[in-house]
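This report looks at a protein chain and the ligand beside it. Please have the sequence and the 3D view open while reading.

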Amino acid sequence: MSKRPIGSKLAMVALMAAALGGGVFVMRTLTPSGAEPPGAESPDTKNSAAEGPALIAQGQGVYRQHCASCHGRNLEGEPNWRRRKANGKLPAPPHDASGHTWHHSDKLLFRIVKRGTAAIAPAGYKTDMPGYAGVLTDREIRAVLAFIKSRWPSDIQRRQAAMSRK
Ligand code: HEC
């Protein structure tokens, strides 16, 4: 994966073209808003944006049925969620802005929900976060993540979306 965003590559090409006298080309390439070309987004982000309210409503149902018992009805998580329990396992963290779910990309969040935390942790890691493969469909997983995201303030949504594009 390249660290350099596609936008800056385009900008470089545009600058080179400008140096060769292609001023018009620069204008066309960098507007509107110097945005990345379509297709740069991950499919998950694009789908949830396009399907919007229906996906979020479905996700709320999935959340209440499958996640709220541990992560809290209002996404508040368990008390003292940063402190391991006596059995060495972590409590369920909040999914709201106070938690750290939003520090993860769409891809990783999908993987955690589908495969469980054990799948992304070092071998032997003990966790109460189950994987939902075989319980939830991929769409239901996207839906529950869309619901969780819909509860974040817009600046958090933007930061997490930017992380997902890397
Ligand atoms: C049996 C309790 C339980 C249920 C039910 C549960 N979780 Fe979790 N979840 C946890 C625990 C505990 C963790 C922390 C795991 C760890 O780090 O060891 C966690 C972690 C996570 C994380 C990672 C959060 C982070 O900040 O890294 C995500 C995402 C997540 N859960 C989503 C879900 C979703 C979506 C559902 C419902 C489909 C769900 N969980 C159902 C207990 C649960």
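## Two residues with positive phi

Leucine 75 counts as buried, because 21 C-beta neighbours lie inside 10 Å and 20 or more are enough for that label. The model in which this is seen is a predicted one. Leucine 75 sits in the loop between H4 and H5. Its phi is positive, about 65 degrees, although leucine 75 is not a glycine.

Asparagine 80 is also placed in the loop between H4 and H5. Its phi is near 50 degrees, a positive value in a residue other than glycine. Is asparagine 80 buried or exposed? Asparagine 80 counts as exposed, because it has 9 C-beta neighbours inside 10 Å and the limit for exposed is 12 or fewer.

## The chain as a whole

The protein has seven helices and zero strands. Read along the sequence, the pattern is therefore α-α-α-α-α-α-α. Of the 166 residues of the protein, 17% count as buried.

Contacts in the protein with a separation of 6 or more can be sorted by distance along the sequence. Of these, 54% come from residues 24 or more positions apart.

## How H5 meets H6

Two packed helices are described by the angle between their axes and the distance between the axes. For H5 and helix H6, which spans residues 138–150, the axes come within 10 Å and cross at roughly 125 degrees. That angle makes H5 oblique to H6, because it falls outside the ranges for roughly parallel, roughly perpendicular and roughly antiparallel. The crossing of H5 and H6 is right-handed.

Which residues make the contact? On H5 they are Leu109, Phe110, Val113 and Lys114, and on H6 they are Ile141, Val144 and Leu145. By class, the contact of H5 with H6 has six nonpolar residues, no polar residues and one charged residue.

## Leucine 145

Leucine 145 lies in helix H6. It counts as buried because 24 C-beta neighbours lie inside 10 Å. Leaving out residues up to four places away in sequence, leucine 145 touches Leu109, Phe110 and Val113. These three also appear on the H5 side of the contact with H6.

Leucine 145 can also be compared with valine 62, which is 83 residues away along the chain. The C-alpha atoms of leucine 145 and valine 62 are separated by 9.8 Å.

## Threonine 117

Threonine 117 is placed in the loop between H5 and H6. With 18 C-beta neighbours inside 10 Å, threonine 117 counts as partly exposed. Leaving out residues up to four places away in sequence, threonine 117 touches Ile112, Thr127 and Met129.

How far apart in space are threonine 117 and proline 130? They are 7.0 Å apart, C-alpha to C-alpha, and 13 residues apart in sequence.

## Around the ligand

There are 22 residues around the ligand, and Cys67, Cys70, Ala92, Thr127 and Met129 come nearest. Two of these, Thr127 and Met129, are among the residues that threonine 117 touches.

Helix H4 (68–71) and helix H5 (106–115) each supply at least two residues of the shell around the ligand. What classes of residue make up the shell? It has twelve nonpolar residues, nine polar residues and one charged residue.

Note on methods. Residues numbered from 1 in each chain as written. Predicted model: local features only at pLDDT ≥ 70, side-chain atom pairs only at ≥ 80, totals over all residues. Near = placed C-beta within 6 Å. Helix = DSSP H or I, 4+ residues; strand = E, 2+ residues; numbered from the N terminus. Nonpolar A, V, L, I, M, F, W, Y, C, P; charged D, E, K, R; others polar. Axes fitted to C-alpha atoms, helices over the stretch in contact; angles between N-to-C directions. Parallel < 35°, antiparallel > 145°, perpendicular 65-115°, else oblique. Left-handed = near helix turned anticlockwise from the far one by under 90°. Contact = placed C-beta atoms within 7 Å.
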